[in-house]
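Colleague: I am new to this structure and would like to go through some of its contacts. Please show it first.

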Amino acid sequence: MKSKAVQIAALVLGLVAAASMQDLSPAAMGVKPPLVAIVVLFVALRMPTPFSLATAFVAGLFVDALSGRPTFCATSLMPLLALGVRLYREIPGERSIAAVGAVAASLGAVLGEAWIAVFGFATGDAGLFVRMCAATCIAAPIGAMLFALLPHLAKCIGLEDE
Amino acid sequence: MKAKTGIVSALLVLGVFAIWVAVGRKTAAEVVFPVENGACWFSRRVVHPLKEAMVRPRLAAENRRLLEQNAHLRMALADRDALKAENARLRRALEFSERSRGEWIAAPVLSRGGTLGLGDVLRLGKGSSAGIRKGAAVAVPEGLVGRVSEVSPHTAEVRLITDPEIKVACEVETDGGPVAAFCIFSGGRIMHLKRDLVLPPRAKIITSGLGEVYPRGITVGFLAQETHEDETQLEQEGVVAPAVDFPALEDVFIHREE
């Protein structure tokens, strides 16, 4: 069990790396891979609610700051995703971690696109439906891959299941 | 006791939020700058040379062509310097003030679209430490790119001219000839054209320099369709194809006032 400070530092570094990669990624149909949202979902599945909500809030602030738009879109979305994925975890049944990642990331990405539309931000040439489809296609494989990979990284920093 | 802790926590969150709204954008841009700059460096110093090594013969031919072009450009530059000197002398003689003073600073494009993938934002790898200021015009040789909306010490955020919130004072140029009309460019359209004006197809739209945000004479785009009456039926508007291929941008120039 690593100290809390090391865990928080690792989490902050992870969020910075995810935000940078998301920012650098090329957009397909105006959609970028939701790497920060996937990290938030992963943390929400493994950590207690207050900690995961705080992480989601900070991640949302970070995403908004790098989006070039007024703050509040991702800041309000990320805590919702964190709460939503905890509800999803309550549904009984055996699921692989990759399947959980694919489903959670896809739903999160679709909700994210709807959220952007609600906030009325320009969405380029592609319409909302096209963006939602593109978001699902991009988020599902990346979510599955990261959810399979992240537990190993989490173990290294002592981020055990709650 | 629990209520007290809750109130204190809520106030703390609000405080953090308020501070973040004030300085967060610059801080976040600076935090990710090393990673994005590193990725940019890796792409230019490692990936590009590897790609170039695979297309060497074609590069040799292109190099010869560019050398010739360079010689032509140096000749043109010499002519331009002479014209500039003459222009300055005539301005002094007529006591005209200069329309725009300043220089263009090259900056690499670090990322496009921000984290949410909204297509009308660019992040550049030069900031206030290079003398860039909020509101500065951004362009490439092909035409106008946009305007700096936020600056941190090492980065600058640019809103593209395709953003409907960006408005550019323009004039219409026909075949390099005299100016036909003044108008406003916003969100891919020109507005407030005189009702009786007839413009040729693909008329060139350039910045007028009015408002002193964008220097005069930068190409904004070309008229894509015939102009038509606007809602008020008092003026005309038209669709404009931007001169710049925004997704292909790798380096841009930021205008720095003297």
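Colleague: Which side chain does the side chain of B:Asp230 join in a polar contact of 2.7 Å?

Modeller: This is a predicted model, in which local features need pLDDT of at least 70 and side-chain atom pairs count only at pLDDT 80 or more, while totals for chains, interfaces and linings use all residues. Residues are numbered from 1 along each chain as its sequence is written, chains are lettered from A and ligands numbered from 1 in the order in which they are written, and side-chain values use heavy atoms, with hydrogens and water left out. A polar contact is a pair of N or O atoms within 3.5 Å; within protein, one must be able to donate a hydrogen and the other to accept it, and residues adjacent in sequence count only if both atoms are side-chain atoms. The partner of B:Asp230 at 2.7 Å is B:Thr232.

Colleague: Which side chain of opposite charge is nearest to B:Asp230?

Modeller: B:Asp230 is in the loop between strand 11 (228–229) and strand 12 (235–242) of chain B; helices (H or I, at least four residues) and strands (E, at least two) are DSSP runs, numbered from the N terminus. Buried means under 20% relative accessible area, exposed over 50%, partly exposed in between (1.4 Å probe, protein chains only). A salt bridge is a side-chain nitrogen of Lys or Arg within 4 Å of a carboxyl oxygen of Asp or Glu. B:Asp230 is buried without a salt bridge, and the nearest side chain of opposite charge (Lys and Arg positive, Asp and Glu negative, His and chain ends not counted), at 7.9 Å, is B:Arg195.

Colleague: Which residue of chain A meets B:Arg123 in a salt bridge?

Modeller: The count between chain B and chain A is one salt bridge. B:Arg123 lies in strand 2 of chain B and its partner in helix 1 (residues 4–24) of chain A, so the pair joins two chains. B:Arg123 counts as buried at 3% relative accessibility, and the partner is buried at 0%. The N to O distance is 2.3 Å, and the partner is A:Asp23.

Colleague: Which element of chain B gives the most to the side that touches chain A?

Modeller: Across this interface there are eight residue pairs in polar contact, both at pLDDT 80 or more. The elements of chain B that give two or more residues to its side are helix 1 (2–54), strand 1 (103–112), strand 2 (121–124) and strand 5 (156–160). With 13 residues, the one that gives the most is helix 1.
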